[in-house]
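Welcome! Below are some exercises, each followed by a worked solution. Have a look at the model first, then try each task before reading on.

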Amino acid sequence: MARFGADADPEQIVAQLHADGGVIVEGLLSATTLAAINAEVDPWVAAAEPGARQINPLLDAFFGPRTRHVASLTGRSRTFATEVLCHPQLLAVCDRVLLPSCARYQLNIASILDRGPGAEAQMLHRDEDVWIHAPRPRPELQVASIWALVDVTREMGATQVVPGSHRWDRARVPEADEITYADLPAGSAVFYFGSTLHGGGANTTADQWRRAVHLSFCLGWLRTEENNYLGTPPEVAKHLPRLAQELIGYAVHDAIADLGGYLGILDGRDPVDLLQDGTLG
Ligand SMILES: [Fe+2]
């Protein structure tokens, strides 16, 4: 996979994404920002029980018994909500990939997947399969990213990505030499499409946890994977900047200019305005 620096031209990143389905962007977060996020999530990670999901046995098997989950990060770490959710480089990519197909894109899911020693490789999959009923052909539905909160090596379970697989027939299975591994210095991320085959790698270390964040955005007219209004409720969201509130999903999806209509209104108004004027939260 191609690697870019944090100040790379988003046009080049997007061109590479369309070519390969995944890119690595290094140095997106400063050491200060990383330290702040890690300090804010430390108690949540410490309290997370490896493997506990409980929604469905298939999901339990998919994530495995050695991964600690911390969901709804936008409601749990203000630094994450301001510095990662709103990161201009990721948003520049989403503007170019998602905005042609919606009036506004929105947070799909933001959660820590802290994969511990002994975690087995995840089944390769496409994140967009949560919208399995969406007909094809179709535009990209989702831009996803994995952010390293610590240095992530292949031995620790770096994300496996299959370049080019966003264009493959769905039945095609990759050969071993078609799989790449997104080892990431802390503060770096791999960006990939929802249509790109990928999966968490095996953690073969004795004692190193792979603390990384899945952050993804999807078209604003889709149901999101995590219920972000409950994960970051109005009483928490009202303290965040307006951009974060909009991205979390509080903003209406206004397709009037495209001769469409509104999605997400509350009592005829934009919920972001209600957060701003104190009516909500
Ligand atoms: Fe995934």
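**Exercise 1. Find the spacing of the iron donors along the chain, then place the donors in the structure.**

Step 1. Along the chain, the donors of the iron ion follow the pattern H-x1-D-x70-H. Keep in mind that this is a predicted model.

Step 2. Put residues to the letters: the protein donors are H125 through NE2, D127 through OD and H198 through NE2. They lie 2.1 to 2.2 Å from the iron ion.

Step 3. Now see where two of them sit. D127 belongs to the loop between strand 4 and strand 5, while H198 is part of strand 9 (residues 198-199), so this pair ties together parts that are 71 residues apart in sequence.

Step 4. Are D127 and H198 buried or exposed? Buried means under 20% relative accessible area. D127 has 10% relative accessibility, so it counts as buried. H198 has 3%, so it counts as buried too.

**Exercise 2. Work out which strands form the open sheet that contains strand 9, and which of them stand at its edges.**

Step 1. This open sheet has three strands in the order 7-6-9, with antiparallel pairing.

Step 2. Strand 7 (180-182) and strand 9 each have a single partner strand, so each stands at an edge with one side left without a neighbour in the sheet.

Step 3. Check the pairing of strand 6 (residues 159-161) with strand 9: two bridges join them in the antiparallel sense. Here V161 stands opposite H198, a residue already met as an iron donor.

**Exercise 3. Describe the surroundings of Q122.**

Step 1. Locate Q122: its place is in the loop between strand 4 and strand 5.

Step 2. Its relative accessibility is 12%, so Q122 counts as buried.

Step 3. List what Q122 touches, not counting residues up to four places away in sequence: F62, F63, R115, Q160, G199 and G200.

**Exercise 4. Trace the partners of strand 4 and strand 5, and decide how covered these strands are.**

Step 1. Start with strand 4 (residues 105-115). Of its 11 residues, 11 are buried.

Step 2. Strand 4 runs antiparallel to strand 3 (residues 67-70), and four bridges join the two. In this pairing, V70 has I112 as its bridge partner.

Step 3. Strand 4 also runs antiparallel to strand 10 (residues 210-219), this time with 10 bridges. L113 stands opposite A212 in strand 10.

Step 4. Turn to strand 5 (residues 142-148). Seven of its seven residues are buried, so strand 5 is largely enclosed by the rest of the structure.

Step 5. Which residues cover each side? In a regular strand the side chains alternate between the two faces of the sheet. For strand 5, one side holds Q142, A144, I146 and A148, and the other holds V143, S145 and W147; all are buried.

Step 6. Strand 5 pairs with strand 10 in the antiparallel sense over seven bridges, and A148 has A212 as its bridge partner there. Five bridges join strand 5 to strand 8 (residues 189-193), again antiparallel, with S145 partnered by F191.

**Exercise 5. Identify the residues with the most contacts inside the largest nonpolar core.**

Step 1. The largest nonpolar core has 58 residues, and L85, W147, F191, L215 and F217 touch the most other members.

Step 2. Helix 6 (residues 88-98) gives the largest share of this core, six residues.

Step 3. Take L215 as an example. Leaving aside its neighbours within four places in sequence, its contacts include F80, L90, I109, V143 and W147.

Step 4. Another core, of 12 residues, lies apart from this one; among its members are A144, I146, A158 and V190.

**Exercise 6. Decide how the buried residues of helix 1 are arranged around its axis.**

Step 1. In helix 1 (residues 10-20), the buried residues are P10, I13, V14 and L17.

Step 2. Looking down the axis of helix 1, these residues fall within an arc of 95°, so they line one face of the helix.

Step 3. Their cover includes strand 1 (3-5), strand 2 (22-26), helix 6 and strand 8.

Step 4. Finish with the two ends. At the start of helix 1, a side-chain oxygen of D9 comes within 2.9 Å of the backbone nitrogen of E11. Just after helix 1, G21 has a positive phi of about 85°.

Conventions: Residues numbered from 1 in each chain as written. Predicted model: local features only at pLDDT ≥ 70, side-chain atom pairs only at ≥ 80, totals over all residues. Heavy atoms only, no water. Buried < 20%, exposed > 50% of the residue type's maximum accessible area, 1.4 Å probe, protein only. Pairing = 2+ DSSP bridges. Contact = heavy atoms within 4.5 Å. Donors = N, O, S within 2.8 Å, 3.2 Å for Na, K, Ca; no water. Core = buried A, V, L, I, M, F, W, Y, C linked by side-chain atoms within 4.5 Å. Arc of directions from axis to C-beta. Polar contact = N/O pair within 3.5 Å; in protein donor to acceptor, adjacent residues only side chain to side chain.
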